[in-house]
Amino acid sequence: MSNLIDKTIDSNAGLEAVILRVPIGLILAAHGGQKLFAWFGGYGLDGTGQWMASVGLNPGFTMALLAGGAEFFGGVALILGLLTRPAALVNAITMLVALLWVHWGHGFFLDTHGIEYALALLSATAALVFIGGGRYSLDALIKAKLSEAKDE
């Protein structure tokens, strides 16, 4: 089990992980806040759930809860570098669903609700699955504390 934990939180990345994690985490957390809490002009769970059901993502409320939770809590986790790989993976899957289910067929560019934005977030979160949280993350702090505990 500790080997799985080590592989999940271990990362040799440096500042590049922070440069990617923090803005992507902010974007995802803000979008999740729109879906979950109706922050930043969002529609909250009820409104987002109704919209998701209208595009065939059923049950809409549950899908809104899953997408909003992945984005909000996963985004906060990315900002902090806490369980970076799992948070990034959940959001990569969320963005893949958004890209294929919602944006596909609307062209490429954002102004037509095309795939460009979802593709950018998918690419960034997929990269973080491989990069990990890096040296400047809670993952690194947890790894250091676990190493200290093993040595004692």
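Contact here means heavy atoms within 4.5 Å, and the model discussed is a predicted one.

Me: Which residues in α3 do Q34, K35, L36 and F37 in α2 meet?
Reply: The contact joins two helices, α2 (15-37) and α3 (44-54). By class, this contact has four nonpolar, three polar and one charged residues. On the α2 side stand Q34, K35, L36 and F37, and their partners in α3 are G44, L45, T48 and M52.

Me: Are α2 and α3 roughly parallel or roughly perpendicular?
Reply: The axes of α2 and α3 come within 5 Å and cross at roughly 95 degrees. Angles of 65 to 115 degrees count as roughly perpendicular. Therefore α2 is, with respect to α3, roughly perpendicular.

Me: Is F40 buried or exposed?
Reply: F40 sits in the loop between α2 and α3. Its phi is near 55 degrees, positive although F40 is a residue other than glycine. The cut-off for exposed is over 50% relative accessible area. Because F40 has 60% relative accessibility, F40 counts as exposed.

Me: What is the phi of L83?
Reply: L83 belongs to the loop between α4 and α5 (84-103). With 45% relative accessibility, L83 counts as partly exposed. Most residues other than glycine have a negative phi. L83 is not a glycine, yet its phi is positive, at about 50 degrees.

Me: Is the peptide bond from N58 to P59 cis or trans?
Reply: P59 is placed in the loop between α3 and α4 (60-80). Most peptide bonds are trans. The bond from N58 to P59 has omega near -5 degrees and is cis.

Conventions: Residues numbered from 1 in each chain as written. Predicted model: local features only at pLDDT ≥ 70, side-chain atom pairs only at ≥ 80, totals over all residues. Heavy atoms only, no water. Helix = DSSP H or I, 4+ residues; strand = E, 2+ residues; numbered from the N terminus. Buried < 20%, exposed > 50% of the residue type's maximum accessible area, 1.4 Å probe, protein only. Axes fitted to C-alpha atoms, helices over the stretch in contact; angles between N-to-C directions. Parallel < 35°, antiparallel > 145°, perpendicular 65-115°, else oblique. Nonpolar A, V, L, I, M, F, W, Y, C, P; charged D, E, K, R; others polar.
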